[in-house]
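The following exercises are meant to be worked with the sequence and the three-dimensional model open side by side. Each one gives a task and then a solution in steps.

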Amino acid sequence: MKKCKWFLWPLLASSVFLIRCGNDSAGSPLLQGRIAVDSLESLQIAYSLSGDVLEMAYEEITPAEDGSFSFDIELPEKTLDADIYVDNAIFGVHLEQGKTAVVEITRDDSGVVGIAFSGDNADLSRVYNACTRAFDIMKYFSPDPAEAKSPDEYRALLDSEYARLKQEIATLDEGAERTCYERLSRGKYEWSHLRILMDQAFDEGKKFNEYPEYTTILEKVDPNDPLNIRTGLVFSWIGYRQKTPVAEPGEDATDYTLESIDIVEREITDPAVRRSLANYIGYSFFTIGGGSGDVKRIWERFSVLAQPWPELIARYEPAMKSVAATARGSEIPYDPVLTDPEGRTCRLSDLRGRFTYIDIWATWCGPCCKEIPHLEKVAEHFKGNDKVLIISISTDENRDKWLRKIEQDKPAWPQYILNGEEAERFLSGWGIGGIPRFIMLNTDGTIFSADALRPSDERILETIEAQL
């Protein structure tokens, strides 16, 4: 289990939120736990000290030989709601400075991982865990289309999970904590509805605003309520407010990005929301979006918007330089070592000589897997054409999982994986902060597009053919 650098929606689907409620005290470690299972692949704590879902930290936890572990950091606020990732399961825990939450990780006879709470604030941990479990995005999405449910089935499941969550929240005494979780859960429920709708729109080839519930939900959002950073609704809201059509991968995003900045400057007064949306805009253009557009003009406007937060300027300046370095016609910024399923290696530059379409993906990335059937059609269209090369490059850390996936899918185009630090060097050098990402290289190995059209885009075939 690893953190998911998916396209924008999965990052916003994170259930790591700051909850500013509780009493102050000092001394004890935040979390103590025990692993009561025979084997474990991974244990991580995920949290966001700022409350911004784009600023999550992930810390690997190594239990002692007896299965015990602990976690402690200094909190900028009195309390923090964080996530515990155990293999492929996700749980929530409520932490408070000066108090100690206690958890036990178990596994039942059927192999399902569970969690039990004791220690301080066990009731709040149980509620937040129920919230985390209810809105785990993987309940409402399957990377395997054959296993996916219909949108109506996902909505019914979401309603059922939310009903159970409300019952759990009702066990808390009346007060700030209960109100806080009621508001948080309502916002996450509405965002999850939008999330299901986004997938439906993608599958049906429609725009979000063609669905009445899209407008109904977002019309009610208060963009200056800091809680809506944590629910993810403010990020959907700014897209809703846009008049400029969203730029597709590979398209010029200048107007869309500048309008986003205009909206924040004009309508957002809360400092926390303003900072979070500035971060969102920087991430969307310079990292996720690949920076297709007038980089200089956008950087000038972004620098003014983010001026109160120098850390945001420092964060995106390297990405801005990477975008400039991957402009059309540029030499590739980093030439990685690629490894094929048989363990043979080559450099990306060794493959030059044909117009090359590159798929950057991972097995854990849902949107990546959704593109595979479309990529299969592109590969079939150009089969036998010696002027075109299509390859997939995995960023998986788990090589065995990658091998199992390609053995299952049996793709008819070359497959490679980036080993260890090569993935980080490649992603950093190319300014890639999220996948899927598609790249097009000219026959001489220079960049045609560092953020190319997806295989699912109806223009993909004519775009490639125009370069032959």
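**Exercise 1. Decide whether Asn121 is buried or exposed, then describe its place and its backbone.**

Step 1. Asn121 has a relative accessibility of 18% and therefore counts as buried, where buried means under 20% relative accessible area, exposed over 50%, and partly exposed in between, with a 1.4 Å probe and protein chains only. The model is predicted, so that local features need pLDDT of at least 70 and side-chain atom pairs count only at pLDDT 80 or more, while totals for chains, interfaces and linings use all residues. Residues are numbered from 1 along each chain as its sequence is written, and side-chain values use heavy atoms, with hydrogens and water left out.

Step 2. Asn121 is found in the loop between strand S8 (113-119) and H2; helices (H or I, at least four residues) and strands (E, at least two) are DSSP runs, numbered from the N terminus.

Step 3. Although Asn121 is not a glycine, its phi is positive, at about 55 degrees.

Step 4. Helix H2 covers residues 122-134 and contains Asp123, which is partly exposed with a relative accessible area of 39%. The C-alpha atom of Asp123 is separated by 58 Å from that of Phe382, a residue 259 places away along the chain.

**Exercise 2. Describe Lys410: its loop, its phi and its salt-bridge partner.**

Step 1. Lys410 lies in the loop between helix H13 (399-409) and strand S13 (415-417), and it has a positive phi of about 50 degrees without being a glycine.

Step 2. Lys410 forms a salt bridge with Glu407, the closest N and O atoms being 3.2 Å apart; a salt bridge is a side-chain nitrogen of Lys or Arg within 4 Å of a carboxyl oxygen of Asp or Glu.

Step 3. Glu407 counts as exposed at 52% relative accessibility, and Lys410 is exposed with a relative accessible area of 58%.

**Exercise 3. Find how many salt bridges the whole structure holds, and examine the pairs formed by Arg155 and Arg241.**

Step 1. A search of the whole structure finds 30 salt bridges.

Step 2. In one of them, Arg155 is paired with Asp152, with 3.2 Å between the closest N and O atoms. Both residues lie in helix H3 (residues 151-169), 3 residues apart, which is about one turn of the helix. Arg155 is buried, with a relative accessible area of 15%, whereas Asp152 is exposed, with a relative accessible area of 56%.

Step 3. Arg241 forms a salt bridge with Glu267, the closest N and O atoms being 2.6 Å apart. Because Arg241 lies in helix H7 and Glu267 in helix H8, this pair ties together parts that are 26 residues apart in sequence. Arg241 counts as partly exposed, at 36% relative accessibility.

**Exercise 4. Characterise the surroundings of Arg275 and Val273 in helix H9.**

Step 1. Arg275 counts as buried at 15% relative accessibility, and a network of salt bridges links Arg275 with Glu55, Glu311 and Arg315.

Step 2. Leaving aside neighbours within four places in sequence, Arg275 is in contact (heavy atoms within 4.5 Å) with Ser50, Asp52, Glu55, Trp309, Glu311, Leu312 and Arg315.

Step 3. Val273, also placed in helix H9 (residues 271-288), is buried with a relative accessible area of 1%. With neighbours within four places again set aside, its contacts include Pro223, Pro226, Ile229, Val234 and Ile268.

Step 4. Between the C-alpha atoms of Val273 and Ser394, which are 121 residues apart along the chain, the separation is 35 Å.

**Exercise 5. Which residues does Ser236 touch beyond four places in sequence, and is Ser236 buried or exposed?**

Step 1. Ser236 has its place in helix H7 (residues 233-241), and it is buried, with a relative accessible area of 10%.

Step 2. Not counting residues up to four places away in sequence, Ser236 touches Trp191, Leu194, Met198, Tyr214 and Leu218.
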